[in-house]
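Got your viewer open? Load the model, keep the selection box handy, and follow along stop by stop.

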Amino acid sequence: MTFSPFRIEISDAVLDDLLLRLRRTRFTSRSGDQPWRTGADPDYLRDLVAYWADGFDWRSREAELNAYPQYLTEIDGRRLHFLRIPGKRPAGTPAPPPLLLSHGWPSSFVEMLPLADRLTDPGRYGGDPADAFDVVVPSLPGFLYSDAPDGPVTREAMARTLHLLMTEVLGHQRYGAFGGDIGGVVTGWLGARYPGHVTGIHLIHPPFPASFDARPLAPAEQAFLDAEQRYDETDAGYSAIMGTRPDTIAAALVDSPAGLAGWMLDKYRDWSDCSGDLESRFDRDTLLTIVTLYWATGAIGSSFRQYVDFAHNRPRPDITVPAAFTLSAEPAMVGFPRELAERACTDIREWNLPGVGGHFMPLEEPDLLSGELRRFFGSVGTHDRRGGVGTH
């Protein structure tokens, strides 16, 4: 399999149309007297849209993104977009081991860039240059510049695509994998299906078992599952409509940039460790970079496919490769018991509760997370026929 260089180039016509739509946005009024309680706050959204139209410099952000080496390949007849960022290790040291980073929803490869910077060039951030990795960051199938497959978009199917990227396209026979949210579930599938190739997995959202039948639930497990159900009573509406009426909501979001921003940034605020202040964790330019990419590619509808096709997911086998966890501090993860993860993973090496960083931890806490990844993957090592033995 081959791959070719790629650059993000949004046309002037698309940007002019976006600007026109932003300046003609109609805003709703708030449902109630508390900002954000009933979804994206109209006052915040109005201010953000004004900045998007008259303060945000897309061309500057586009140039920053294009400073990263990006590529396109074709797997099973479908296009896949990915970044491949070489590690900067000193001469005479082992070649950097390969590490795959997978994003979730409503996210993109942009989430992984601060983490990738620290993993590929640790010396720039006060670390040991000999700890550098070669980092691969794909756009998951159906997201941005990656096509959705013809068949059901299952997590297992996405894992197969990413495994073929690492092995058949890039030639890595051994690699480590990290992910969160959907990317974390895909990473779990990589560890379950390809233990001869995956040296270990690191997740910020531990996996659920394929079945709870092995033994009765412990009190901590039952308490967490009950708490999750209560949380979903006020949070799961987005998932319900994306899984049952995706084309209805996609019709609105693909036609309204303000609506698209509201739909996505509501989750950035709810799921991050921001104490209700979205921009205490994410600067506006980063948020608008992510939303602009969704707008320009028209990919919001195809990003819903893995919700629509959820019923096609089969039970995942046990994950037998070494596993490490740095649990996010988002509300839905509070109290996640290790016993629950042990039902799915047979070899948990690390279980860390830093108490900071939410659903988008690579953006929120890249220093913390890069240290955790270096330590874990340094302990399991990797052997790759392209680069020899890598231990760090």
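Here is a short tour, with something to select at each stop.

Before you click, know that this is a predicted model: local features need pLDDT of at least 70, side-chain atom pairs count only at pLDDT 80 or more, and totals for chains, interfaces and linings use all residues. Residues are numbered from 1 along each chain as its sequence is written, and side-chain values use heavy atoms, with hydrogens and water left out.

**Stop 1: His81**

Select His81, which sits in strand S3 (residues 78-85). Helices (H or I, at least four residues) and strands (E, at least two) are DSSP runs, numbered from the N terminus. Is His81 buried or exposed? With a relative accessible area of 0%, His81 is buried; that word means under 20%, exposed means over 50%, and partly exposed is in between (1.4 Å probe, protein chains only).

Now show what His81 touches: leaving out residues up to four places away in sequence, its contacts include Phe6, Tyr71, Phe109 and Tyr145. Contact here means heavy atoms within 4.5 Å. Add Gln70, too: its side chain makes a polar contact with the side chain of His81 (2.8 Å). A polar contact is a pair of N or O atoms within 3.5 Å; within protein, one must be able to donate a hydrogen and the other to accept it, and residues adjacent in sequence count only if both atoms are side-chain atoms.

**Stop 2: helix H3**

Next, select residues 58-66, helix H3, and colour its buried residues: Trp58, Arg61, Glu62, Leu65 and Asn66. Look down the axis of H3: these residues fall within an arc of 135 degrees, so they line one face of the helix. The arc is that of the directions from the helix axis to the C-beta atoms. Among the elements covering them are helix H1 (12-23) and strand S2 (70-75). At the start of H3, find Asp57, where a side-chain oxygen comes within 3.3 Å of the backbone nitrogen of Arg59.

**Stop 3: helices H9 and H10**

Jump to Ala251 in helix H9 (residues 246-253). Ala251 is partly exposed, at 46% relative accessibility. Measure from its C-alpha to that of Ile300: they are 9.6 Å apart in space, though 49 residues apart in sequence.

Then select helix H10 (residues 257-271). Of its 15 residues, 12 are buried, so H10 is largely enclosed by the rest of the structure. Those buried residues include Leu260, Met264, Tyr268 and Trp271, a good set to finish on.

Conventions:
Expected span 1.5 Å × (residues − 1).
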